[in-house]
Amino acid sequence: MTASNHNPCGLQRRDFFTSSASGLGTAALASLLQEDGLLASEYQLPLTHIAPAAKRCIYLFMEGGPSQMDLFDPKPRLNELDGQPMPESLLNEIKFAFIQKESARLMGSPRRFRRHGECGMDLSDLLPHLSTCVDDIAFVRSMHCEQFNHLPGQLMMLSGSALQGWPTLGSWLNYGLGSESKNLPSYVAMTTLGRGLPGGASSWSSGFLPSQHSGTLFRNQGSPVLNLANPPGISRDVQSRSLQTINELNRVRLNRVGNPEVASRIEAYELAFRMQQTAPELLDLSGESKATLEAYGLDRADTAKDTTAGFMGSYARNCLLARRMIERGVRFVTLFLSTWDHHSHLDSGLKRYTQISDQPVTALLKDLKQRGLLDETLVVWGGEFGRTPLGENRVNFKTVTGRDHHPYSFSMWLAGGGVKGGQVIGETDEIGWGVAKDPVHVHDLHATLLHLFGLDHKKLTYRFQGRDFRLTDVAGNLVDQLLQRPA
Amino acid sequence: MNKAIYLKLHLSSRGYSNNGAFFSPENGDPVTILRQQDGFGHSALIPSLISWAARRHPAIPALSFPPNGIGATAARVRMFQPRMSQPNLCPILVTTALVLAAVQNRSVASDVVDFQRDVAPILQTRCLSCHNERDRRGGLSLQFMRSVQAGGESGAVLVPGDVDASYLLGLILPEDGVAEMPKGEAPLDASQIAVVRKWIESGAAWPDDVVLEPPVLWSLKPIHRPNVPDSVVVPAQFPIRNPIDAFVAARHADAEIIPAVGTDRRTLIRRLHLDLTGLPPRSETVEAFVQNTAAAAYEQLVDDLLSSPHYGEQWGRYWLDLARYADSEGYLGDSERPHAWVYREWVINAINHDLPFDQFTIEQLAGDLLNAPTLEQKIATGFHRNTLRNTEAGVDLELYRTKEIVDRVNTTGMVWLGLTLGCAECHDHKNDPISQQEFYQLYAFFNNTDDVGVPATRPWQIAEHNDAMQIWQTQWDELLQQLQQFEMKDLTAEQKGELMTKLHDPGKLTEINAIETLYRTKESGWKELTTRVEKHNKNRPVQPSTKARAFAERRKDRRETFVHVRGAYNRPGDKVSCGTPAVLPPLRARSAVPDRFDLARWLFDGDNPLTARVAVNRIWQQLFGQGLVATANDFGTQGAPPTHPLLLDWLATEYRRLGWSRKAMIRLIVMSSSYRLSSSSNSVAGQQQAGNQLLWRQNSYRVSAESIRDVHLTVSGLLDRTTGRKGIRPPLPAFVTEVGRSVKWPVSQGSERYRRGMYIFFKRTVPYPMLMTFDAPDATVSCSRRERSNTPLQALTLLNDPVFFECAQALGVEAAQQFVEKPREAIHMIFRRCLGRPPVEDELNYLAAAHDEVLQLMEGEETVAGGENRSAAMTAVARIVMNLDEFVTRD
């Protein structure tokens with residue numbers, strides 16, 4: 001299957017973000033008018049290459065590179081070797097962002113690991129909440145990549161390329177499957193309380209895909225989407241009356257000139273108005289039980305005195321909103337939490353960031369499961385890379401208290417949406433330097449994620465600059481072990 | 001309407017010859033040429049290919065071509081002995097003569113299969129694009145007998161005389177309509193298969209001296225000026241105003257399609273204004289044009305608009321898309337490029353001055369290498385300084401330097417050659433005749449440039465500074481006089497001198513205390529005065545210092561260029577030097593070591609088949625919404641073929657003839673009847689469902705993101721029409737700017753806030769949301785054609801974006817004040833201002849009803865928009881009109 005520009009699965013579909021006929025006179029007026037009726041009709045299942053297991057995804061993006069050997073991947077041998085230099089042979093080919101190779105020393109982890117769940121998973125004491133649902137989770141300890149700088153690594157993880165300008169995973173899915181939601185965008189991104197991202201809006205960009213496949217930035221308070229609220233002084237009634245006339249006049253024009261784009265415009269205005277009515281409801285948590293709010297930790301006191309005060313509540317709120325969006329048909333939600341980039345003060349930094357995220361993330365998993373949503377909702381947790389087993393001895397550092405970027409082996413986890421939980425995939429070597437068993441490259445992860453959505457990563461293509469581009473570029477192998485239903 | 005007539009025109013316009021026999025200049029032997037159609041009913045010989053071969057085989061004498069027959073039937077069969085003895089030579093050998101034999105497609109007329117007549121055309125059209133010496137898909141080449149005998153990876157392909165044992169036949173025989181070969185294409189038709197079968201049965205004869213050429217891409221064929229069709233019957237509503245119309249009409253007649261009527265004058269003037277300047281016409285201009293039915297009125301309008309400074313903005317913006325212009329570096333940090341606008345201003349000026357396209361190109365690619373380059377020519381090299389740059393701490397700088405060069409090669413390929421060279425970064429191009437080595441030969445041109453900042457303070461900056469300085473100095477002098485009154489009475493000459501020095505070089509004066517001892521500081525007024533002096537001193541206008549981002553050729557430590565194995569810069573392969581793709585005409589360098597200047601000149605070599613076609617297609621695209629080649633950046637095999645190949649070539653030759661004057665080319669196109677057709681898809685009964693490939697009507701489409709802003713600001717009267725200069729930052733909510741790291745967004749003040757959309761500061765990681773919502777490119781790579789989506793987010797933006805609401809308010813208030821107690825007249829005014837036409841009765845009634853009801857609603861509500869109710873209700877009307885499809889559409 002080679003994708004046509006707008007509809008890779010060959011399905012005629014009009015939805016929230018793809019209501020454009022776009023081309024010049026490509027769609028016949030008759031079929032468009034007919035499709036106006038489709039607004040009211042049921043959503044039609046998209047065509048996929050294979051039967052999909054996942055329908056939706058919540059991607060918990062941990063920006064900065066969380067330290068795997070302090071959270072997920074215990075390394076007793078590394079602890080023994082604390083303070084020792086690395087074997088030179090291992091360092092030869094390696095590039096670091098900041099470490100000075102010659103004087104660098106291995107650094108053990110101060111965290112304690114314990115086994116949890118029926119599957120007996122090792123987790124750090126920084127993750128007391130997550131420890132209670134390890135049987136639903138597949139941990140991958142053998143992730144690897146080549147990008148040792150933040151933005152290239154993030155772009156790689158989000159879009160399959162270290163260069164700016166490629167479509168992100170959510171855009172590919174939107175392009176491949178269309179939108180399930182009529183009143184909300186199908187691809188939403190949220191950041192946490194004003195902490196910016198290295199890539200800014202390129203973190204949810206549609207790259208070279210048409211712009212309607214781009215993620216939409218939501219915020220978790222006030223008016224969720226830019227320009228959703230009426231201008232000052234325009235009441236809902238005035239807005240409604242205005243829209244009536246806009247559509248009346250657009251219909252006069254449609255009759256006069258017959259161009260199908262006018263019909264699309266009418267439809268877009270109707271959808272916009274509906275979104276104005278429904279989207280604010282998304283943020284209204286008054287219907288959530290006290291137990292739910294507490295489980296997510298919306299009311300937790302935020303003790304930090306630094307500029308990140310307010311983080312805990314903000315991130316908890318994002319997690320709850322992610323569930324609410326999933327319930328309302330949003331396909332792909334990315335929640336960014338910035339930043340796990342602990343070059344120094346690693347231990348206190350990890351405490352802070354696990355304090356922010358462990359409880360709400362766990363609550364989200366349990367909430368999804370309890371509501372029967374987890375089966376079809378894929379949850380992914382991870383950053384752009386991990387951190388070095390070496391302590392970071394950057395030139396101007398007086399003491400060594402952190403770790404540098406490490407893309408050569410790191411951990412992520414996945415749950416729900418057709419993923420086989422309660423297992424660990426892959427191993428790193430005894431000091432956590434390289435992958436020792438079952439390596440999973442970022443491209444492999446992407447191939448698997450698309451597979452879970454019923455898409456063959458080799459067939460989901462888009463012609464751009466003379467080439468058929470894929471999320472997985474020219475690589476990617478399915479990670480069978482991750483699948484509940486092996487391919 | 002008459003296919004036969006049209007076909008005749010078509011043939012004669014290409015100089016087809018149906019009975020010419022050609023002879024080899026070498027030995028006088030007759031040479032046979034088989035006709036091959038390329039899908040458009042025309043085809044041509046390919047001197048470029050020949051010359052390519054000639055360069056690889058210098059022993060072969062120059063080729064001669066019959067003067068008139070060249071543009072005619074394609075000839076691909078060559079008859080001279082392959083020089084297989086030279087191992088380094090490419091096995092595709094060169095013919096030295098070509099002969100036309102037949103024009104008609106031949107079927108097998110007799111039982112005897114003639115290889116050249118019957119088999120060769122099938123192999124050429126259906127097999128050779130993959131199975132040639134260069135690509136050898138499956139290890140197989142079908143270019144000459146010996147390669148066929150050698151077979152491919154799967155072994156022998158045919159056994160002469162034994163059809164059943166011949167692998168080839170099994171591959172091409174369809175099963176359920178699908179055959180294994182040609183891969184991914186329709187199978188051969190039954191008569192073709194019969195030919196192949198018969199050929200194998202009869203012993204698969206293939207004369208030793210016959211070498212087949214792979215089919216040559218239409219866009220690589222030389223450009224010949226086609227004759228203008230001169231006997232096409234056209235309907236009255238479609239007068240032939242210039243040759244464009246003749247070519248377009250010929251296709252209408254051929255396809256039996258009826259052209260639409262010419263559009264009405266109101267639509268026409270709005271179309272022309274939007275296309276040429278990106279701004280809508282003023283109501284008065286529209287009325288004057290409607291009244292003035294003189295024959296020259298339209299032409300005058302065209303000339304006026306082409307000399308408007310806004311023309312350079314509109315056409316400059318298209319160019320900036322290609323140049324991937326932005327005001328920041330990209331990637332993490334994404335720091336500001338504070339003087340990037342200097343290049344933008346250069347583009348606008350160059351286009352306004354109609355710098356010919358060849359010069360326009362040469363200055364941008366190699367302005368620094370011109371003889372004694374002017375500052376403007378150096379500024380022009382900013383074109384390739386617009387690439388993304390990764391400055392993240394700890395990053396592999398060499399990696400990203402090479403990525404910038406790769407982008408420069410790709411962009412050069414797409415913008416001027418319409419070739420997707422990027423495919424050859426890691427391996428030979430899979431589809432187009434560009435090898436990986438050739439990619440790095442082009443890369444070499446850009447591998448020795450240094451990024452420099454050229455002092456480029458603009459004359460207007462200096463003038464503005466001088467003005468500001470004059471005002472400042474007057475006030476300063478006044479303050480000094482006041483100071484003088486506080487001087488101690490008995491100052492020595494030396495002390496007076498000290499004061500003079502310090503006060504007249506205010507840069508040195510940091511604090512007044514330093515000279516306080518010379519004044520009577522106890523007197524009243526001293527403190528106030530010194531405060532003012534100090535404050536004024538600090539407000540001294542800063543001398544502008546602008547540095548243009550430019551290229552300079554590296555003279556020392558020059559880098560060598562190597563092929564990057566699989567695209568990895570740290571895996572150097574063969575060393576290469578500057579060079580151009582072999583499939584294109586040779587590079588005529590000024591010296592032994594070619595440079596960027598040679599490359600730029602080569603683009604405009606008279607034999608270059610691509611540059612003119614690509615350039616003229618872009619102009620066409622901007623005036624019809626779609627190019628004659630729909631894929632403006634890809635004229636390769638994966639791109640779209642031209643809908644009007646003859647017209648495209650005629651325009652290409654005309655562009656050259658017009659001295660590459662962009663204005664002249666635009667003028668030519670907009671003067672045609674084809675441009676002036678109605679864009680309504682129902683304008684011809686029964687043709688509504690038809691696509692518009694054959695241009696029976698104009699196209700109707702939403703204006704660009706920047707123009708959306710511009711039309712709002714224009715009709716509301718808020719637009720600040722300043723051209724060029726620095727970018728602006730319209731207000732943005734914090735949650736938008738906060739998604740990036742440390743994004744400062746100091747909002748522009750005063751009328752600057754109302755400048756055109758193209759001046760909005762483009763920060764790559766935090767692009768202005770309105771622009772992105774309306775499909776502005778993200779400036780990561782060159783953009784040849786924008787998407788035009790139509791989404792609910794766009795509706796929300798048009799309805800609720802504060803800037804657009806402000807525009808509605810301005811217009812609503814103006815209308816309400818001008819027509820007190822006369823709402824219908826006010827509505828009329830708003831409608832004409834926005835759409836350039838009076839409302840029809842229905843429209844007026846709908847709007848009047850909306851106005852009355854909104855007014856009632858507002859009177860029933862506590863809060864009202866824009867203060868007074870009537871103004872607020874009229875604002876609501878203006879807002880409705882500004883949200884109409886027609887308002888944001890160029891019909």
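**Entry 1: chain B.** I looked up the secondary structure of chain B in this predicted model and found 31 helices and 10 strands. I then checked burial: of the 891 residues in chain B, 50% are buried. I also looked up the contacts in chain B with a separation of 6 or more, and 71% of them come from residues 24 or more positions apart.

**Entry 2: a helix pair in chain B.** I turned to helix 10 of chain B, residues 297–306, and helix 23 of chain B, residues 662–671. Their axes lie 11 Å apart, and the two helices pack at an angle of about 150 degrees. Because angles over 145 degrees count as roughly antiparallel, helix 10 of chain B is roughly antiparallel to helix 23 of chain B. I noted the crossing of these two helices as right-handed.

**Entry 3: residues of that contact.** Which residues make the contact between helix 10 and helix 23 of chain B? From helix 10 of chain B, I recorded B:Glu299, B:Val302 and B:Leu306. From helix 23 of chain B, I recorded B:Lys663, B:Ile666, B:Arg667, B:Val670 and B:Met671. I sorted the residues of this contact by character and obtained 5 nonpolar, 3 charged and no polar.

**Entry 4: chain A.** I looked up chain A in the same way. Chain A has 11 helices and 17 strands. Its length is 487 residues, and 61% of them count as buried. For the contacts in chain A with a separation of 6 or more, I found that residues 24 or more positions apart account for 76%.

Methods. Residues are numbered from 1 along each chain as its sequence is written. Chains are lettered from A and ligands numbered from 1 in the order in which they are written. This is a predicted model: local features need pLDDT of at least 70, side-chain atom pairs count only at pLDDT 80 or more; totals for chains, interfaces and linings use all residues. Helices (H or I, at least four residues) and strands (E, at least two) are DSSP runs, numbered from the N terminus. A residue is buried if 20 or more other C-beta atoms lie within 10 Å of its own, exposed if 12 or fewer, and partly exposed in between; C-beta atoms are placed from the backbone. Two residues are in contact if their C-beta atoms, placed from the backbone, lie within 7 Å. Axes are lines fitted to C-alpha atoms, for helices over the stretch in contact, and angles run from 0 to 180 degrees between N-to-C directions. Angles under 35 degrees count as roughly parallel, over 145 as roughly antiparallel, 65 to 115 as roughly perpendicular and the rest as oblique. A crossing is left-handed if the near helix is turned anticlockwise from the far one by less than a right angle, and right-handed if clockwise. Ala, Val, Leu, Ile, Met, Phe, Trp, Tyr, Cys and Pro count as nonpolar, Asp, Glu, Lys and Arg as charged, and the others, Gly among them, as polar.
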